[in-house]
Structure formats: structure tokens, C-alpha cells
Amino acid sequence: QKVRRLIFTMSLFQSVILSLAVFVLAHTAEAFTGISAPLARTTTKLGPVARNGLGYEEVEIGTGRNVFPGDTVVCYYSGQYKTVSLMGEKKVTFDETLPGEPAEFVVGRGTVIKGFDIGICGDANLDIPPMKIGGDRKLAIPAYLAYGERGAGDSIPPDTDLEFQVSILNAASKEGLSQDVLLKGFGGLAAFLVFMAGFGVLLLNTVFLKH
């Protein structure tokens, strides 16, 4: 009778552990799917263009982790827009970082223009992949994702499309655990659950051998 109870308990334990492992692995895969977005199919001279009109071109894909909304990034960047006159087309640089003096700001939380947030953090719904630490990307941001009808004082006229080049030196989360760390935690938990399920099977087999 005791052996039957033990067998029933271990079987129930194994089923629960395996169910939890499948649940965790499924949600981890879903998170990775949301992060690793495919490139948009529409292209221009700059590169892929998302459905919202934001264009981007990978100058260099970084080897570090993805940049997530809420990260504080350290980067170099330059911002330009085009003007057209009788003398022809001209690019005006309205803002840029200096060598040795990178900028530091939070992305994905509305502290910068929307096109900058999306261009750096990516958007799986728009098929825009996030930048990685060490990456360098060019962005073509339509006016409505920049400063819109108001412009930005004397620096940027109203309804002006902007072009940026951004180089990510580092990114860190100051809001708690980053999504990258959470994914690693999910993976570790799944591995632990699978191990415990295997341990339960081993223990069950041992009981059978003794009886």
C-alpha cells in the first residue's frame, strides 16, 4: 500500500514538473520571438522601411545583447536633415556627439523622439529588430515620428524628416532586471525543472527495483 502511494505521488510530481517545464520553455520561446524580429521586405536606398515609414540600415550589427525599452544607453550619434534651394540639395547637421563625449539617455520611455526609440529598441509588430550593443545603424525618421508640425525651435523646421546615425557603446537597465536577464532566468528555471523531473523518474525506478 505504501509503495502504491509513493508511486502515485511521484507520478503526480513528475507530471507537474514536466508541465511547468513546458510552460516556461514555451514562454521563453515567445519572448525570443518578440525580440528577434525579421527584417521588413520593403527597401529603399537607405535600407528596409517599416510600415510606419521608418527606414533603417545596419552599418554594423553589434555582438552584445539586444537593447530593451527602459535601458540607459551610451552612444555616439549625429542628426541631419535635407534642405533644397536653388543651389541644390544640402544636408544640415543639427545635432551630434563629440569624440570622447558620448551621450547617455533612456530609450523606449518617451525621453527622446518616438522614431529614435523605435529605431534603437525595435518593434516586433513593425518588423524592426532591436539594435545590439556594439551596433551601428542609420535611421530615416519621418517628421511625424520626430518633431512633427512644430519643429524644434531654430534647429529643425516644421514637418522635417530626419536622418540619424547611432552607434551603441553600452546599454544597462536601471529599472530592475532587463529582459535579457529575465530570459536567462527562465532558461535556468526550465533546466532545473527538467532535472527535477528526471530525478523523480530515477527515484521511482529505484523504488521499483527494491520492491
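Here are three short exercises on the predicted model above, each with a worked solution.

Ground rules: residues are numbered from 1 along each chain as its sequence is written, and side-chain values use heavy atoms, leaving out hydrogens and water. As this is a predicted model, local features need pLDDT of at least 70 and side-chain atom pairs count only at pLDDT 80 or more, while totals for chains, interfaces and linings use all residues.

**Exercise 1.** Work out which pattern the protein chain follows along the sequence.

*Solution.* Start with the elements, which are DSSP runs numbered from the N terminus (helices: H or I, at least four residues; strands: E, at least two). The protein chain has 3 helices and 6 strands. Now read along the sequence, and you get α-β-β-β-β-α-β-β-α.

**Exercise 2.** Decide whether helix H2 is mostly covered or not, and find what its buried residues pack against.

*Solution.* Take buried as under 20% relative accessible area, with a 1.4 Å probe and protein chains only. Across residues 114–121, 7 of the 8 residues of H2 pass that test, so the helix is mostly covered. Among them are Phe-116, Ile-118 and Ile-120. Next, look at the partners: strands E2 (71–85), E4 (103–106), E5 (136–141) and E6 (162–173). Step just past H2 and you'll meet Gly-122, with a positive phi of about 80°.

**Exercise 3.** Locate Asn-52, say why it counts as buried, and list what it touches.

*Solution.* Asn-52 sits in the loop between helix H1 (2–35) and strand E1 (55–60). Asn-52 counts as buried because its relative accessibility is 12%. For contacts (heavy atoms within 4.5 Å), skip residues up to four places away in sequence; Asn-52 then touches Ile-118, Leu-126, Ile-128, Pro-142, Tyr-144 and Leu-145.

How values were computed: Buried means under 20% relative accessible area, exposed over 50%, partly exposed in between (1.4 Å probe, protein chains only).
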